[in-house]
Amino acid sequence: YTNAGTPLKALPVFREWLEKMPYNPQALIGMALVYKGQGDTAKYQSCMARAFANPDLNVDDQIAFVYPFLKYVKVDSTKKDEGLMLCRMILKAHPSSPAAYALYGDMFNQCNMPDSAIAAYRKALCFDGARPEVWQQILLIYSSRQRNDSVYEVSRRAIQAFPDDFLGYYFHGAASVYLHLDSEGIVSLRRALDIGTDNRDLEERIYGLLGEAYHSTGDLIASDSSFERSLRINPGDPLVLNNYSYYLAVRGTRLGQAEQMARLAVTLEPGNYSFEDTYAWVLYKLRRYKEARKWMEKSLGHPEARSGPGYLEHYGNILYRLHRVNDAVRYWQLARRMGGPSPKLDQEISGKKILE
């Protein structure tokens with residue numbers, strides 16, 4: 001009857017079935033779906049609750065029924081409450097099921113409720129810590145929110161649980177670099193490369209991170225080599241192009257190559273104030289001060305750059321080279337008030353002269 005498009009005719013059959021077997025989950029779910037089609041939410045929920053409370057309905061079958069809601073929620077937010085409700089029904093029937101908590105976490109994740117998703121995933125791990133997909137979801141959420149301290153701690157535990165898993169080392173290495181624990185990051189990222197991955201994007205990202213980490217530890221040969229490896233995989237990664245060109249500019253090395261990479265980065269990602277600052281600084285190092293000023297002013301057109309002491313100091317240096325000494329001092333003073341870490345700023349301000 002339901003397949004023939006006459007679901008109302010199915011209701012008497014379901015009722016008769018349930019008179020003989022009051023808690024039959026298939027009959028209850030079938031009746032629930034008829035009520036749902038009629039728009040009777042209360043009866044739909046009541047039948048589903050009775051069906052899911054039946055211990056004869058295996059938790060895997062329940063999850064299989066609810067799993068499609070992950071797709072529905074992504075394209076139709078009106079399915080959110082129903083999907084979460086069904087997950088809660090499963091957990092009520094199976095309060096110790098790690099798979100049920102993992103599904104609950106997936107549902108929260110699809111509903112853009114990351115904190116609730118994390119709580120559900122952590123509960124899943126309490127019952128079964130050997131679920132790599134759950135560890136990965138937690139790490140992905142923390143990483144997407146730039147919670148590097150949390151990524152660092154969770155990835156350490158993930159590595160203990162799965163010592164041969166690529167992603168644990170990748171996330172731990174990336175978080176370590178972002179937290180300026182560069183030596184530790186290098187070890188984890190090298191281990192990730194040793195394990196290997198078919199994901200070329202992640203491999204390229206690892207080499208880019210190694211370029212940053214090696215530069216911070218003073219191993220400039222390894223840094224350059226890592227950046228070059230990254231760009232061989234993806235010559236158009238704007239972040240790697242920006243970082244590599246900036247480090248070359250800081251060192252005053254291969255400035256022609258640095259200028260080409262920095263120019264490509266601002267072309268690939270226009271409006272990125274950090275990339276504009278890098279390009280300005282490369283031009284500064286090339287003594288193309290008028291061009292450097294133009295790009296530095298583009299960067300300072302963004303509020304985030306105007307609150308960054310490094311950007312303000314760069315602009316002061318450019319103005320100084322353009323013989324605008326008083327304006328340069330004013331921007332150095334702004335940089336100092338913003339917490340500029342440059343140890344020579346105070347001397348430059350008092351002496352009205354760049355110390356290079």
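## Aromatic pairs

In this predicted model, the aromatic rings make 15 pairs. A good one to look up is the pair formed by tyrosine 315 and tyrosine 331: the ring centres are 4.7 Å apart and the planes meet at 85°, so this pair is edge-to-face, as planes over 60 degrees apart are counted that way. The two rings join distant parts of the chain, with their positions 16 residues apart in the numbering. Tyrosine 315 belongs to helix α20 (residues 309-321), while tyrosine 331 belongs to helix α21 (residues 325-337).

Are these two tyrosines buried or exposed? Tyrosine 315 has a relative accessible area of 6% and is buried. Tyrosine 331 has a relative accessibility of 17%, and it also counts as buried because the limit is under 20%.

Elsewhere, you can find a cluster of rings: Phe227, Tyr244, Tyr246 and Tyr247 are linked by ring pairs.

## Charges over rings

Two places are worth a visit if you would like to see a charged side chain and a ring together. Over the face of tyrosine 169 lies arginine 191, at 5.6 Å from the ring centre. In the other example, the ring belongs to tryptophan 295, and lysine 298 lies over its face at 4.0 Å from the ring centre.

## The largest pocket

Now for the open spaces. The largest pocket holds about 680 Å³ of space. Its lining is made of 24 residues, and those closest to the centre are Val177, Tyr178, Arg205, Glu212 and Asn243.

Which elements give two or more residues to this lining? They are α10 (148-161), α11 (166-178), α13 (200-217), α15 (238-251) and α17 (273-285). The largest share comes from α11, with six residues. Sorted by class, the lining has eleven nonpolar residues, nine polar ones and four charged ones.

## The second largest pocket

The second largest pocket has about 340 Å³ of space, and 15 residues line it. Nearest its centre are Tyr246, Trp281, Gly310, Glu313 and His314. Tyr246 may sound familiar, as it is also part of the ring cluster with Phe227, Tyr244 and Tyr247.

At least two lining residues come from each of α15, α17 and α20. Helix α20, where tyrosine 315 is found, gives the most to this lining, with six residues. By class, the lining of the second largest pocket splits into six nonpolar, four polar and five charged residues.

Technical notes: Residues numbered from 1 in each chain as written. Predicted model: local features only at pLDDT ≥ 70, side-chain atom pairs only at ≥ 80, totals over all residues. Heavy atoms only, no water. Phe/Tyr/Trp six-rings, centres within 6.5 Å; stacked < 30°, edge-to-face > 60°. Helix = DSSP H or I, 4+ residues; strand = E, 2+ residues; numbered from the N terminus. Buried < 20%, exposed > 50% of the residue type's maximum accessible area, 1.4 Å probe, protein only. Lys NZ or Arg CZ within 6 Å of the ring centre and 35° of its normal. 1 Å grid on protein atoms, 1.4 Å probe; cavity = no way out; pocket = protein on both sides within 12 Å on 5 of 7 lines; lining within 4 Å. Points joined across faces, edges and corners; volume = space filled by probe spheres on them. Nonpolar A, V, L, I, M, F, W, Y, C, P; charged D, E, K, R; others polar.
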